[in-house]
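The following exercises are to be worked with the sequence and the model in view. Each task is followed by a solution in steps.

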Amino acid sequence: MHTQWNDRESLIHPASAPDYLREEQLHKLQLQRLRAITKHAYDNQALFRERMDASGVTPDDIRTLDDIRKLPFTQKTDLRDTYPYGLFAVPMNEVVRLHASSGTTGKPIVVAYTNEDIEVWKEVMVRAYACAGLDSGDIIQNAYGYGLFTGGLGAHYGAEALGATVIPISGGNSERQIMVMRDFGTTAICSTPSYFLHLIEFAEKMGINWEDFPLRAGIFGAEPWTDEMRDYIEGKTGIKAFDIYGLSEIIGPGVGMACSEQNGLHIFEDHFMIEIVDPVTDEPMPDGQEGELIITTLSKKAMPVMRYRTHDITSIIAEKCACGRTIRRINRIARRSDDMFIIRGVNIFPSQIEAALLKVEETLPHYQIVLYRSGGMDQMEVQVEVTAETFSDTVRGVEAVHKQLSEAIAHILGIRVKLTLVEPNTIERSMGKAKRVIDNR
Amino acid sequence: MKLKQLSVFLENKPGRLRELCALLADNGINMITISLADTEQFGILRLIVSDCEAAKTILEAKGFVAKITEVIAVEVNDEPGGLRDVLQVEDAAGISVEYMYAFTIKSGENAVLLFRFDDMDKAVVALKSAGFKVLDRVTLFQHSEN
């Protein structure tokens, strides 16, 4: 029998108290933290200070929460351009952890944490698990990749802080995932939604009956997914599938989380201040209307990120949530305002594929990226047109080119993707900006 | 003493070979022989045609990637051991075959073997000194038009 997901939710985890603050208390706390972090960033981050000085704004100009609009935006490229440590705002002896995620052109983006930052991260992850009704009695199988990627360690330490039992299985090896899930009595799993879809298919082939598993919740994130996927997962397995939101630049997983109502994601607003702006005019959008999500880290000391442009398109849900939490929600991330896409939890920009192709070929060949779904997983195929220069008469010669291109891409992305050599002029030419990504998912 | 061959990259998709053949036929290009090397992903078509340069221009104009390469054509008796004898000579000279294909001349008595060796110049010398008949373009076409 499945344990009902909400059997144990009557008690509020102590860490979750800020989720229930009265609006004026929350705003007071936010303003206090916004003023402090603005001053900290101004005093310790050269790039931020230069931009503030250029626009004639000082930390003292932040008197209300709306004054956040006076602050300059931070772009993903700012993190790349200051690689590796340019945005760190504390001395290195205070930095206790580094993580990295892929950047726009192959160089990773490095993020740093002080001890205090790690504590904040654990706290928001505990609150995220609590949103899913998990507690110290749960056995959490963490199938996020461990390593530089924030997902693995973020979910891990959060689960330990919750007091739950963590199985640090990391990603991959589906057969072992299923075996462990059954034999260890896993009650909750953390993974990308596409990986869990893959596990569902895999389990079906193994003849698994989900009724025999005590699994009751899935915490799925690190890539966009849909309500349809959630319904499919819940229908197939009988678990509750929760959406978790986060990004390395801000902290990792634990910026926002869906609750038992499963209607949008609560943002842990006491640590992450959100705005929605028109991605073109930068004007604030009213609640309920779609725009680009902007996040300011209110507590992060090692690397404060002010008004970060996430390029994620969503809207704020102003109505109070029936779960009782007072922190606001955003709708599930529907799409992005740039050309980034996510495959197997890895952020990918077409510009990275270009950079890889140029490592092998002297001039950029015509190429396109086809996104599709296979075996429940999002996959990508890079199609590259053969040229007179790259075509050699022997199978071995053509396969060598294929291998060089595949390896250059794997080197930059960190994951292997399918590469197909195609005949010239088979990739559609478009006027103006080339359409590089065909999304068949 | 080498023969010009046309090599064309082909994607593995239905109808592509027919399109290429139609293009050559419509332009009066005759194929003497043809060989297709295929892999899971793509194919390489190798052709001996009546006019290599013209065929290349025609195919390229229609978006094919075509390359003129060289092969060695050896005429042997169409009987058991014909190919073995040639390979014996090349093995002895330390030359490897990269690929090969063959066809019979219309009279039915002789076969022509087409080779791509790793060392083409050395291969020609070895074959000739062993007494093999290495064909050039002209004689090859004379044969095929008999």
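Two residues are taken to be in contact if their C-beta atoms, placed from the backbone, lie within 7 Å. The model is a predicted one.

**Exercise 1. The interface between the chains**

Task: Determine how many residues of chain B are in contact with chain A, and which strands of chain B each supply at least two of them.

Solution.
Step 1. Applying the contact criterion across the two chains gives 15 residues of chain B against 14 residues of chain A.
Step 2. The residues on the chain B side are next assigned to elements. At least two residues each come from β1 (3-11), β3 (42-49), β4 (66-77) and β5 (97-104) of chain B.
Step 3. Among the contributors, β1(B) gives the most, with three residues.
Step 4. Sorted by class, the chain B side holds seven nonpolar, five polar and three charged residues.

**Exercise 2. The overall build of chain B**

Task: Describe the secondary structure of chain B and explain why the chain is as compact as a globular protein of its length.

Solution.
Step 1. Counting elements gives five helices and seven strands in chain B.
Step 2. Their order along the sequence of chain B is β-α-β-β-α-β-α-β-β-α-β-α.
Step 3. The globule rule gives 15 Å for 146 residues, and the radius of gyration of chain B is 16 Å; because this is close to the rule, chain B is as compact as a globular protein of that length.
Step 4. Along the principal axes, the C-alpha atoms of chain B fill a box of roughly 45 × 35 × 25 Å.
Step 5. Of the 146 residues in chain B, 25% are buried. Among contacts in chain B with a separation of 6 or more, 69% join residues 24 or more positions apart.

**Exercise 3. Domains within each chain**

Task: State how chain B and chain A are divided into domains, and characterise the contact between the domains of each chain.

Solution.
Step 1. Chain B is divided into domain 1 (3-69) and domain 2 (72-145). The centres of these domains of chain B, taken over C-alpha atoms, are separated by 22 Å.
Step 2. Eight residues from domain 1 of chain B and 11 residues from domain 2 of chain B take part in the contact.
Step 3. On the domain 1 side, the elements of chain B that give two or more residues are β1, β2 (31-38) and β3. The most come from β2(B), with four residues.
Step 4. The class composition of that side of domain 1 of chain B is four nonpolar, two polar and two charged residues.
Step 5. Chain A is divided into domain 1 (14-338) and domain 2 (349-439). Their C-alpha centres lie 32 Å apart.
Step 6. In chain A, 10 residues of domain 1 are in contact with 11 residues of domain 2. The domain 1 side of this contact in chain A has three nonpolar, six polar and one charged residues.

**Exercise 4. A helix pair in chain A**

Task: Establish how helices α6 and α7 of chain A are placed with respect to each other.

Solution.
Step 1. Two packed helices are described by the angle and the distance between their axes.
Step 2. The axes of α6 (residues 174-183) and α7 (residues 193-205) of chain A come within 10 Å and cross at roughly 80 degrees.
Step 3. An angle of 65 to 115 degrees counts as roughly perpendicular. Therefore α6(A) is roughly perpendicular to α7(A).
Step 4. The contact is made by Ser174(A), Gln177(A) and Ile178(A) from α6(A), and by His198(A), Leu199(A), Phe202(A) and Ala203(A) from α7(A).
Step 5. These residues divide into four nonpolar, three polar and no charged.

**Exercise 5. Individual residues of chain A**

Task: Decide whether Gln352(A) is buried or exposed, and locate the backbone features at Pro84(A), Ser170(A) and Asp282(A).

Solution.
Step 1. Gln352(A) is found in helix α9 (residues 350-360) of chain A. A residue is buried if 20 or more other C-beta atoms lie within 10 Å of its own. Gln352(A) has 21 such atoms, so Gln352(A) is buried.
Step 2. Gln352(A) and Leu413(A) are 61 residues apart in sequence, with a C-alpha to C-alpha distance of 7.5 Å.
Step 3. The peptide bond from Tyr83(A) to Pro84(A) is cis, with omega near -5 degrees. Pro84(A) is in the loop between α3 (76-81) and β1 (95-101) of chain A.
Step 4. Ser170(A), although not a glycine, has a positive phi of about 65 degrees. Ser170(A) is in the loop between β4 (165-167) and α6 of chain A, and with 17 C-beta neighbours inside 10 Å it counts as partly exposed.
Step 5. Asp282(A) also is a residue other than glycine with a positive phi, near 65 degrees. Asp282(A) is in the loop between β10 (272-277) and β11 (291-297) of chain A, and is partly exposed, with 15 other C-beta atoms within 10 Å.

Definitions and conventions
Residues are numbered from 1 along each chain as its sequence is written. Chains are lettered from A and ligands numbered from 1 in the order in which they are written. This is a predicted model: local features need pLDDT of at least 70, side-chain atom pairs count only at pLDDT 80 or more; totals for chains, interfaces and linings use all residues. Domain bounds come from an automatic or database domain assignment. Ala, Val, Leu, Ile, Met, Phe, Trp, Tyr, Cys and Pro count as nonpolar, Asp, Glu, Lys and Arg as charged, and the others, Gly among them, as polar. Axes are lines fitted to C-alpha atoms, for helices over the stretch in contact, and angles run from 0 to 180 degrees between N-to-C directions. Angles under 35 degrees count as roughly parallel, over 145 as roughly antiparallel, 65 to 115 as roughly perpendicular and the rest as oblique. The radius of gyration is taken over C-alpha atoms; the globule rule is 2.2 Å times the number of residues to the power 0.38. A residue is buried if 20 or more other C-beta atoms lie within 10 Å of its own, exposed if 12 or fewer, and partly exposed in between; C-beta atoms are placed from the backbone.
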